[in-house]
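The following exercises are to be worked with the sequence and the coordinates at hand. Each task is followed by a solution in steps.

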Amino acid sequence: MAAKKAPEKSNVSKEELLKFYREMLLIRRFEEKAGQLYGMGLIGGFCHLYIGQEAVVVGLEATTKDGDKRITSYRDHGHMLACGMDAKGVMAELTGREGGYSKGKGGSMHMFSREKHFYGGHGIVGAQVPLGAGLALADKYKGNDNVTFAYFGDGAANQGQVYETYNMAELWALPVIFVIENNHYAMGTSQARSTKSETLFGRGLAYGIPGEQVDGMDVLAVKAAGEKAVAHCRAGKGPYILEMMTYRYRGHSMSDPAKYRTREEVQKMKDEKDAIEHVRDLLIGSGLSSEEDLKAIDREIKDIVNESAEFAKASPEPALSELWTDIYA
Amino acid sequence: MSVMTYIGAIGAAQREAMQADPRVIIIGEDVEANVYGTTGESKQRAESGDFVQAFGKMRIRNTPISEEAMVGAAIGAAMTGLRPIVDLSYSSFLYMAMDQFVNQAAKNRYMFGGQSRIPVVFRSAMFYGLNTGAHHSDRPYSMFMTIPGLKILTPASAADAKGLMRSAVESDDPVLIFEAVPLWGQKEEVPDEEYRIPFGKARIRREGTDVTVVGISGSVPLALQAAETMAERGVSCEVIDPRTLVPLDSAAILESVKKTGRLVIAEPAHRTCGAAAEISALMAERAFPWLKAPIVRVTAANMQIPFSPVLERQMYPTRDKIADAIAKVAGH
Ligand SMILES: Cc1ncc(C[n+]2csc(CCOP(=O)(O)OP(=O)(O)O)c2C)c(N)n1
Ligand SMILES: [Mg+2]
């Protein structure tokens with residue numbers, strides 16, 4: 001098997017590659033399981049899977065330190081697992097149970113963890129972007145050097161509030177990294193059908209925000225770009241934009257006839273660009289790990305995911321009286 | 001007559017309106033790919049026809065995810081002679097364009113001394129009871145009722161949806177039409193010829209003598225079921241669907257309450273300042289001498305919508321809750 005070469009600038013160790021492999025695989029297997037539970041009727045409503053985009057959050061989380069914050073859209077399961085939230089609590093929220101991260105009140109799109117500084121899955125496209133700037137404002141006010149990752153999609157990039165936020169974030173030099181997860185589609189609308197801008201990060205330049213496009217299928221490239229962005233923010237130089245070129249393998253949500261793209265297009269991405277295969281090739285091709293080593297990790301991940309599913313099925317339904325709590329402080 | 005689903009009827013009305021008048025265009029997210037199901041045949045939701053093929057991309061305008069701009073642009077296009085239908089998909093997304101609705105669409109005609117006209121139809125769909133979570137479960141028609149200048153429609157059946165939609169496109173005022181997603185799949189016989197249903201004309205869905213039950217949107221079929229249940233218990237209910245909330249056919253409700261002396265109002269929106277609150281106030285003012293019992297409202301509570309299916313199930317009017325309310329006002 002021909003190994004693809006890691007970019008030279010990332011002096012990546014075996015440990016780090018294994019960590020990336022493990023974390024990306026956890027997201028993928030978790031999402032596959034969520035898809036199964038949905039099919040079995042254990043999960044209802046919306047369920048937006050992150051399969052294909054794993055390298056983005058895993059690479060960026062590798063650049064964070066304690067106290068850094070993240071906020072994203074409804075396609076949030078991967079972000080939560082990558083920042084260390086427990087698979088059990090995430091899966092139990094998907095099934096709407098008491099043991100879920102929002103006690104069953106949020107569902108797939110709306111989870112939260114103050115402990116892990118995960119400030120939510122948000123359902124209104126683009127609305128998390130100004131919130132992200134606000135998280136960063138509080139850090140700046142407190143005088144620490146924490147940064148916020150505000151994730152949004154290529155579709156969300158067409159919301160006006162994103163640009164109001166860009167302008168203010170640069171004006172106030174807020175430590176926020178705008179991460180555009182450009183998976184090329186907003187539901188059924190391809191990027192070509194929604195904008196004539198050649199790049200999305202380029203729009204930030206008009207506000208004075210530096211940024212770049214990154215191969216979001218290559219976790220090493222993601223990490224390298226993330227380090228640059230984080231250094232910029234921690235140094236007090238204001239926001240930074242990372243446009244992550246990525247791809248979602250599954251439908252927009254669970255019911256998606258996918259008439260807007262061809263099977264071949266999807267297959268080509270899986271065959272040529274898959275983020276997990278890439279790391280796998282690096283590990284095996286360079287002789288750092290054996291097939292056996294990776295199989296052991298596969299088993300470990302399978303156990304974590306199965307456990308989360310069991311927990312999500314066994315966790316009780318919320319008490320009916322829970323309907324009437326949390327409405328006001 | 002032919003049988004149509006509610007969502008199919010909306011699609012059919014859009015098709016007729018586009019065929020009838022070249023000034024009619026459709027603007028919305030994913031209308032080209034027909035993700036929401038009323039502009040083509042790629043999904044089970046639409047009855048027939050592909051709008052892009054039939055009308056071309058000049059008239060079926062796919063937008064970026066930019067609600068404020070699309071609503072504003074539709075208003076501008078209407079000021080200069082087009083008659084856009086804007087598909088906002090979920091009613092929860094109307095808020096993204098709130099200024100355009102409240103300050104622009106609603107006030108434009110009045111503040112320019114009647115010189116301006118805003119013939120736009122804003123479609124949006126109320127998903128509720130479907131475990132779509134707090135950001136996708138709003139039923140905000142009553143919020144928009146408080147804004148003078150907007151007309152508010154809440155059809156509860158296929159035939160009404162089709163006829164009201166045609167009138168909406170021909171109206172020279174901005175019209176918001178709120179579709180009840182739980183009713184999208186419900187079927188009804190619809191006349192084959194083109195027809196329009198006037199605004200401000202309630203539909204008496206069932207005649208009766210003991211209790212007036214006003215149902216709104218998705219609560220209309222539930223009110224009919226509750227009336228059926230109560231008929232078995234000897235209570236005769238008159239079920240009224242106002243169909244349009246602005247303008248509201250308060251005369252039809254008053255007429256019925258004068259006859260029955262008892263009123264129950266059921267709707268899926270929040271309780272405070274809801275349509276039921278408004279109708280209650282109107283009847284307290286005008287029907288007081290005829291009322292034999294306090295008016296009872298069956299609504300959603302004033303709260304956010306939970307994801308959990310077991311919790312959400314408690315939220316909205318049901319046949320049983322409406323029947324209980326009827327029993328209460330009837331003294332049973
Ligand atoms: C304000 C608003 N408008 C429309 C929608 C409906 N909607 C949900 S997801 C989506 C597409 C978003 O695409 P993108 O930002 O690229 O994110 P992706 O789903 O690809 O992760 C749309 C239009 C919404 N949730 N909120
Ligand atoms: Mg996208």
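**Exercise 1. The ligand site**

Which chains provide the residues that surround ligand 1? Describe the composition of the shell around ligand 1 as well.

*Solution.* The model is a predicted one.

Step 1. Ligand 1 is surrounded by 20 residues, and the closest are A:V125, A:G153, A:G155, A:A156 and A:A186.

Step 2. The surrounding residues come from chains A and B, so the site is shared between chains.

Step 3. Sorted by class, the shell around ligand 1 holds nine nonpolar, seven polar and four charged residues.

**Exercise 2. The contact between the chains**

Determine how many residues each chain gives to the contact between chains A and B, and characterise the side that belongs to chain B.

*Solution.*

Step 1. Chain A contributes 36 residues to the contact and chain B contributes 28 residues.

Step 2. On the side of chain B that touches chain A, α3 (67–79) and α11 (309–312) of chain B each supply at least two residues. The largest share, three residues, belongs to α11(B).

Step 3. The residues on this side of chain B comprise 13 nonpolar, eleven polar and four charged.

**Exercise 3. Overall form of each chain**

Compare the radius of gyration of each chain with the value from the globule rule, and add the secondary structure, extents and burial.

*Solution.*

Step 1, chain A. The secondary structure consists of twelve helices and eight strands. The radius of gyration of chain A is 19 Å, close to the 20 Å that the globule rule gives for 329 residues, so chain A is as compact as a globular protein of that length. Along the principal axes, its C-alpha atoms fill a box of roughly 60 × 50 × 40 Å. Of the 329 residues in chain A, 52% are buried. Among its contacts between residues at least 6 apart in sequence, 77% join residues at least 24 apart.

Step 2, chain B. Here there are twelve helices and 14 strands. The radius of gyration of chain B is 20 Å, close to the 20 Å from the globule rule for 332 residues, so chain B is as compact as a globular protein of that length. The C-alpha trace of chain B spans about 60 × 45 × 40 Å along its principal axes. Of the 332 residues of chain B, 56% count as buried. For contacts in chain B between residues at least 6 apart in sequence, 79% join residues at least 24 apart.

**Exercise 4. Domains and cores**

Where does the largest nonpolar core lie with respect to the domains of chain B?

*Solution.*

Step 1. Chain B divides into domain 1 (2–190) and domain 2 (203–329). The C-alpha centres of these two domains of chain B lie 26 Å apart. The contact between them takes 24 residues from domain 1 and 24 residues from domain 2.

Step 2. On the side of domain 1 that touches domain 2, the elements of chain B giving two or more residues are α6 (141–145), β6 (151–153), α7 (158–170) and β7 (175–180). This side of domain 1 has 14 nonpolar, seven polar and three charged residues.

Step 3. The largest nonpolar core has 105 residues, of which B:V213, B:A223, B:V264, B:I322 and B:I326 touch the most other members. Helix α1 (residues 6–20) of chain B gives the largest share of this core, eight residues. Both domains of chain B give residues to the core, so the core lies between them.

Step 4. Leaving aside neighbours within four places in sequence, the contacts of B:I322 include B:V213, B:A223 and B:V264. Another core, of 91 residues, lies apart from the largest one, and A:Y50, A:M85, A:V129 and A:A169 are among its members.

**Exercise 5. Backbone exceptions**

Is A:M187 buried or partly exposed, and is B:N131 buried or exposed? Examine the backbone at these residues and at B:P247.

*Solution.*

Step 1. A:M187 lies in the loop between β5 (185–186) and β6 (189–190) of chain A, and its phi is near 50°, a positive value in a residue other than glycine. A:M187 has 19 C-beta neighbours inside 10 Å, and therefore counts as partly exposed, since a buried residue needs 20 or more.

Step 2. B:N131 is located in the loop between β5 (121–126) and α6 of chain B. Its phi, near 60°, is also positive in a residue other than glycine. With 23 other C-beta atoms within 10 Å, B:N131 is buried.

Step 3. The peptide bond from B:V246 to B:P247 is cis, with omega near 0°. B:P247 sits in the loop between β12 (244–246) and α9 (250–260) of chain B.

How values were computed
Residues numbered from 1 in each chain as written. Chains lettered and ligands numbered in written order. Predicted model: local features only at pLDDT ≥ 70, side-chain atom pairs only at ≥ 80, totals over all residues. Core = buried A, V, L, I, M, F, W, Y, C linked by C-beta atoms within 7 Å. Buried ≥ 20, exposed ≤ 12 C-beta atoms within 10 Å, placed from the backbone. Helix = DSSP H or I, 4+ residues; strand = E, 2+ residues; numbered from the N terminus. Domains from an automatic or database assignment. Contact = placed C-beta atoms within 7 Å. Rg over C-alpha atoms; globule rule 2.2 N^0.38 Å. Near = placed C-beta within 6 Å. Nonpolar A, V, L, I, M, F, W, Y, C, P; charged D, E, K, R; others polar.
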